[in-house]
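Subject: Structure for you to look at

Hello,

Here is the structure I said I would send. My notes on it follow below.

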Amino acid sequence: MAKLYFNTRDELNCIETDMIAVVQANGNYSRVVYITKKEVTLTTGISKLEVTLKSYNDKNRFIRLGRSFIINHSYLTKVDVLKQVLVLSDNDKNEIRVTIPKNILKSYKNAISKSIKIKEKKEDGNNHIG
């Protein structure tokens, strides 16, 4: 399990990256929410945190949605564009619902759909013996 450490003058925060469900920008701070709903506020802006997360983890796990959110794509359960809700779950007892603007959710949903179609085409092409 990867851990990141954020040091300030008065405290040291240890973040377990595998447990991060969502990061929300809050001015010059970032609110990190674990899938267990535990929250940690960091004195690091979301852009700097995004670079750090992508450099220490699977580059496709953490996805930036607009200016205010980073989500852990591995917890994605549902995208509801009409209700403007993204649901993240560990498929056990923990679920987080995040309200995200409709246009951002629609773009994210379309990107996922496009990615799935590309994978399906590749798999179909590999299954035929010619």
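The protein has two helices and ten strands in its secondary structure. Along the sequence they follow the pattern β-β-β-β-β-α-β-β-β-β-β-α. Please keep in mind that this is a predicted model. The mean pLDDT of the protein is 88, and 87% of its residues reach 70 or more. Confidence is highest in strand β9 (residues 85–89), at a mean of 97, and lowest in helix α2 (residues 102–127), at 79. Where pLDDT is low, predicted coordinates should not be read in detail.

Some totals for the protein: 34% of its 130 residues count as buried. About 8,700 Å² is exposed, with carbon and sulfur atoms supplying 47% of that area. Among contacts with a separation of 6 or more, 37% are between residues 24 or more positions apart.

Now the sheets. One is an open sheet of five strands in the order β5-β4-β3-β7-β6, with antiparallel pairing. Its edges are β5 (39–42) and β6 (62–65); each has a single partner strand, so one side of each is left without a neighbour in the sheet. On average, neighbouring strands here are turned by 20° against each other, direction ignored. Within this sheet, β3 (residues 20–26) and β4 (residues 29–34) pair in the antiparallel sense over six bridges, and alanine 25 stands opposite serine 30 in β4. Helix α1 (residues 46–56) packs on the sheet, where it touches β3, β4, β5, β6 and β7 (69–72). The direction of α1 makes about 155° with that of β3.

Another open sheet has three strands in the order β8-β9-β10, and its pairing is antiparallel. Strands β8 and β10 are the edge strands, each pairing on one side only. Neighbouring strands of this sheet are turned by 15° against each other on average, direction ignored. Strands β9 and β10 pair over five antiparallel bridges; valine 85 has threonine 99 in β10 as its bridge partner.

Next, the nonpolar cores. The largest has 17 residues, and those touching the most other members are Val22, Leu65, Ile71, Leu86, Leu88, Val98 and Ile100. Strands β3, β7, β9 and β10 (95–99) and helix α2 each supply at least two residues of this core. Apart from it lies another core, of 14 residues, including Val23, Tyr34, Leu49 and Ile70. In soluble globular proteins, nonpolar side chains tend to be buried together.

Two residues are worth a note of their own. Leaving aside neighbours within four places in sequence, isoleucine 71 is in contact with Ala21, Val22, Arg61, Phe62, Ile63, Leu65, Leu86, Leu88 and Tyr108.

The other is leucine 76, which lies in strand β8 (residues 76–80). Is leucine 76 buried or partly exposed? Its relative accessibility is 25%, and buried means under 20% while exposed means over 50%, so leucine 76 counts as partly exposed. Not counting residues up to four places away in sequence, leucine 76 touches Leu86, Val87, Leu88, Tyr108 and Ile112. Leucine 76 and aspartate 90 are 14 residues apart in sequence, with 8.6 Å between them in space, C-alpha to C-alpha.

Regards

Technical notes:
Residues are numbered from 1 along each chain as its sequence is written. This is a predicted model: local features need pLDDT of at least 70, side-chain atom pairs count only at pLDDT 80 or more; totals for chains, interfaces and linings use all residues. Side-chain values use heavy atoms; hydrogens and water are left out. Helices (H or I, at least four residues) and strands (E, at least two) are DSSP runs, numbered from the N terminus. Buried means under 20% relative accessible area, exposed over 50%, partly exposed in between (1.4 Å probe, protein chains only). Contact means heavy atoms within 4.5 Å. Two strands pair if DSSP finds at least two bridges between them. Axes are lines fitted to C-alpha atoms, for helices over the stretch in contact, and angles run from 0 to 180 degrees between N-to-C directions. Accessible areas come from the Shrake-Rupley method with a 1.4 Å probe; for residues, only the protein chains shown count as cover. pLDDT is the predictor's confidence in each residue, from 0 to 100. A nonpolar core is a set of buried Ala, Val, Leu, Ile, Met, Phe, Trp, Tyr and Cys residues joined through side-chain atoms within 4.5 Å.
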